[in-house]
Amino acid sequence: YEYFLPLNVLHHDANSNCDQVLSAFNTILEKYEGSSSFHNFHRLSAKELGSKKKDNSNNNNEDREYNSQRIYEYWKPISRIMNEKTRTVIYKCNASLFTAKQQDDIDVELVKVTIKGQSFLLHTIRLMMSAAILVQRGVLPEVALDVALQTPFQILFPKAPAEGLVLVDSGFGRNSNGQSYALNPSDHAHVDEVFMSEDEYTTSEVFKIETI
């Protein structure tokens, strides 16, 4: 997948150094790489995950009130389903500059985030992006991502807009669980068998740049 967003979304100051902004953002995105439980980065129900939610009768009203807030000033210790069904492997997650031309031929600098992984859940990438942006802008502390990935407690993030998300390609890996690739960056080039030929990939890139 690739996710595109305006460069100015990542910083408040128009005079910020672009390289420093990208470097800081990549440091945040690196937290997603590896094999982790993304139980706080999906919008699937407990039934869809094939598990029973504990104390559901007691938490329904509390969950509705908790979900109504966009950014939380406190975290309630509500348990979140954390098992192999919520495990996602991220081989690569990093940001780079991408220059796009608008209809009036004005260059617009965007940030392109490349995400390569397997077993994505519903809205995972949009939630990953919003959480990383909030940390980058200082709305949330960096430790929020560590807590969201490593504890069973529920930490909800708003979804980033869907318009920036593009599925670039898909394939099957040689290792079905992917953990060896996630832990060995030198194997990134051999993760999957690409479905598209080189010509098809070029055509898709032109369509992405000129149309999307």
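Start by selecting helices α1 (18-29) and α3 (124-136): their crossing is right-handed, meaning that the near helix is turned clockwise from the far one by less than a right angle. To see where they touch, show V21, A24, F25, I28 and L29 of α1 together with M129, A132, I133, V135 and Q136 of α3. Contact here means heavy atoms within 4.5 Å. Two packed helices are described by the angle between their axes and the distance between the axes. For α1 and α3 the angle is about 130° and the axes are 10 Å apart. The axes are lines fitted to C-alpha atoms over the stretch in contact, and angles run from 0 to 180 degrees between N-to-C directions. The two helices are therefore oblique to each other (under 35 degrees is roughly parallel, over 145 roughly antiparallel, 65 to 115 roughly perpendicular, and the rest oblique).

A word on what you are viewing: this is a predicted model, in which local features need pLDDT of at least 70 and side-chain atom pairs count only at pLDDT 80 or more, while totals for chains, interfaces and linings use all residues. Residues are numbered from 1 along each chain as its sequence is written, and side-chain values use heavy atoms, leaving out hydrogens and water.

Next, select helix α4, residues 143-150. Which of its residues are buried? They are A144, L145, V147, A148 and L149, where buried means under 20% relative accessible area, exposed over 50%, and partly exposed in between, with a 1.4 Å probe and protein chains only. These buried residues pack against α1, β2 and α3.

Now move to the strands. Select β2 (residues 34-37) and β3 (residues 87-101), which pair in the antiparallel sense over four bridges; strands pair if DSSP finds at least two bridges between them. Click on S37 and look for its bridge partner in β3, R87. Then add β4 (residues 107-118), which pairs with β3 in the antiparallel sense over twelve bridges. Here F98 has L110 as its bridge partner in β4.

For the next stop, pick L167, in the loop between β5 (165-166) and β6 (171-173). Is L167 buried or exposed? L167 is exposed, with a relative accessible area of 53%. Add I115: the two are 52 residues apart in sequence and 9.7 Å apart in space, C-alpha to C-alpha.

Finally, show the whole chain, with its six helices and seven strands. Helices (H or I, at least four residues) and strands (E, at least two) are DSSP runs, numbered from the N terminus. Of the 212 residues, 39% are buried.
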